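Reader: I would like a close look at a single part of this model, with its surroundings described step by step. Please take me through it carefully, and then place it in the wider fold.

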Amino acid sequence: MAKDKSVFVCSECGGTSPKWLGKCPSCNAWNTLVESAAESNAPAKNRFAALAKTAEIATLGDIDAVDMARTPTGHEELDRVLGGGMVEGGVVLIGGDPGIGKSTLLLQALDSLQRSGQSTLYVTGEESGAQVALRSRRLGLDNSQVKVLAEIQLEKILATLDAMRPDIAVIDSIQTVYSDQLTSAPGSVAQVRECAAHLTRAAKSSGVCIVLVGHVTKEGALAGPRVLEHMVDTVLYFEGDTHSSFRLVRAIKNRFGAVNEIGVFAMTEKGLKGVSNPSAIFLSQHSEPVPGSCVMVTLEGTRPMLVEIQALVDTGGPSPRRLSVGLDKDRLAMLLAVLHRHAGVACMDQDVFVNAVGGVRISEPAADLAVLLAITSSLRGKPLPKGFFAFGEVGLAGEVRPAPRGQERLKEAAKLGFSVAVVPKANVPKKPIDGLTIHAVERVEQAMEVVRSHT
């Protein structure tokens, strides 16, 4: 009996090779080729023929363009990340670690949508209908009218979508769905790519909003080919430590809204609840100011958030350690060099540890000034005054550069009761903000002088 032909498919780019190689010949990624059955040529020719629609050439200026109608999910934090709510015909991909709350949040959202008059469908490939019903009762969603389908065959799912025509459908998860037209196993690169393509086409042609749940790899990236993220309209990542009750939902891609938006949820006995004031999570609970702590205002999408930066400077050995959690490690080394050269504060023989409280990751350079002030405070052993905060980018020449949308940051801090700010000169507002004393600085040395005069 002839052996079935097999090919090796790259899990990063989807490229194929007739034999296994250490490095993908298409994208040069290492150890990404996975063996899968070769697709037969006969059905492949017309597999997408029914999905493709012919369209005439049109001039861009003549096409009627209207804003997409939004359907709120009933969860304000989720709506914020989605850009206002679900979009007709939109495809959302949500990924995250196992057990972090993806299915819980989507079941809650579907129940809220169904109660507001929307037709909903929950397709589960990992659980039975009884398990989903058990979870809904545990979440307090009594007498929920959400339709549930326990199915993993793509053709049956598409037939159900065509017959039922729901407004919103959830596929949990895309890695469990398989198509009869391919011989490879569910979760393989070919199956994930094929099933996602068919479901995306179905969403665009019928107007059903489809939410795909995706597994993640050990590195935290979405499992399957990278093309999966290109096919969908919105990509959301569920972040957070399973040991903590707080979860962050971050938009990585959004064709219908802003990227890098963040939604904050708290995991409770009754499911995930939105946190309207996330700054309260990321600020310390100290009754009195402590050395090595400085508050900064970071921007996550359109939302300003206050985060506490903590630093600990301790006597090190011949090779001192530089460790940062939630901030870029290389940037910390650069800031220490700037602090020594331009402010005369040496940490060459000291261990320096920097942490962003609450598990939040800060990628913007506006945290530079707060990091430097926290390090100086820990080194001197003197706390910064109560109600003190700072933000601004620090350059290698010792200059303090402005941060984008500084006025919004200042207003958010003033609203939460902060009273003293050290900010770049270009971020000083034209009109004074009530209850806020603003110190404008142009160089690192000036910022250090302001701190010394207040402590």
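Author: With a relative accessible area of 3%, Asp-111 is buried, and this residue is found in helix α3 of what is, it should be said at once, a predicted model. Leaving aside the neighbours within four places in sequence, Asp-111 is in contact with Leu-141, Ser-144 and Val-146. Gln-145, a residue of the loop between α4 and β8, has a relative accessible area of 44% and is therefore partly exposed, because it falls between the limits of 20% and 50%. The C-alpha atoms of Gln-145 and Arg-115 lie 8.0 Å apart in space, although 30 residues separate the two in sequence.

The helix before that loop deserves the same attention. Helix α4 spans residues 129-138, and Val-132, Arg-135 and Ser-136 are buried in it. Viewed down the axis of α4, these buried residues fall within an arc of 100 degrees, so they line one face of the helix. The general background is that an α-helix has 3.6 residues a turn, so residues three or four places apart point the same way. On the other side of α4, the exposed residues are Ala-130, Leu-134, Arg-137 and Arg-138. As for what lies against the buried residues of α4, the cover includes α3, residues 102-115, together with β7, residues 120-124, and β8, residues 147-150. Helix α3, which holds Asp-111, is thus also part of the cover over the buried residues of α4. After α4 comes Gly-140, whose phi is positive, near 80 degrees.

Gly-140 also leads to another loop, since it is one of the residues touched by Lys-270, along with Gln-108, Arg-138 and Leu-139, when residues up to four places away in sequence are not counted. Lys-270 lies in the loop between β13, residues 262-268, and β14, and at 45% relative accessibility it counts as partly exposed, because that value is neither under 20% nor over 50%. Among the residues that Lys-270 touches, Arg-138 is one of the exposed residues of α4. By contrast with these contacts, the C-alpha atoms of Lys-270 and Met-305, which are 35 residues apart along the chain, are separated by 26 Å.

Several of the strands named so far belong to one sheet. It is an open sheet of nine strands with mixed pairing, in the order β8-β7-β9-β10-β6-β11-β12-β13-β14. The edges are held by β8 and β14, the latter covering residues 271-274, and each has a single partner strand, so one side of each is left without a neighbour in the sheet. Neighbouring strands of this sheet are turned by 25 degrees against each other on average, direction ignored. Within the order, β6, residues 91-96, and β10, residues 209-214, pair in the parallel sense over five bridges, and Gly-95 stands opposite Gly-214 in β10. Further along, β11, residues 234-239, and β12, residues 246-254, run antiparallel and are joined by six bridges, with Lys-253 in β12 as the bridge partner of Val-235. The pairing of β12 with β13 is likewise in the antiparallel sense, over five bridges, and there Val-249 stands opposite Gly-263 in β13.

To set this part within the whole, the protein chain has 12 helices and 23 strands, and of its 455 residues 47% count as buried. The C-alpha atoms of the chain fill a box of roughly 80 × 55 × 50 Å, taken along the principal axes. Of the contacts between residues at least 6 apart in sequence, 66% join residues at least 24 apart.

One further part of the chain can be described through its rings. A search of the whole structure finds one aromatic pair, formed edge-to-face by Phe-389 and Phe-418, with 6.0 Å centre to centre and 85 degrees between the planes. This pair links distant parts of the chain, for Phe-389 is in strand β19, residues 388-390, and Phe-418 is in the loop between α11 and β22, 29 residues apart. Phe-389 counts as buried at 0% relative accessibility, and Phe-418 also counts as buried, at 12%. Another ring, that of Phe-391, has the charged end of Arg-409 over it, 5.5 Å from its centre.

Note on methods. Residues are numbered from 1 along each chain as its sequence is written. This is a predicted model: local features need pLDDT of at least 70, side-chain atom pairs count only at pLDDT 80 or more; totals for chains, interfaces and linings use all residues. Side-chain values use heavy atoms; hydrogens and water are left out. Rings of Phe, Tyr and Trp (its six-membered ring) pair if their centres lie within 6.5 Å; planes under 30 degrees apart count as stacked, over 60 as edge-to-face and the rest as tilted. Helices (H or I, at least four residues) and strands (E, at least two) are DSSP runs, numbered from the N terminus. Buried means under 20% relative accessible area, exposed over 50%, partly exposed in between (1.4 Å probe, protein chains only). A charge sits over a ring if NZ of Lys or CZ of Arg is within 6 Å of the ring centre and within 35 degrees of the ring normal. The arc is that of the directions from the helix axis to the C-beta atoms. Contact means heavy atoms within 4.5 Å. Two strands pair if DSSP finds at least two bridges between them. Axes are lines fitted to C-alpha atoms, for helices over the stretch in contact, and angles run from 0 to 180 degrees between N-to-C directions.
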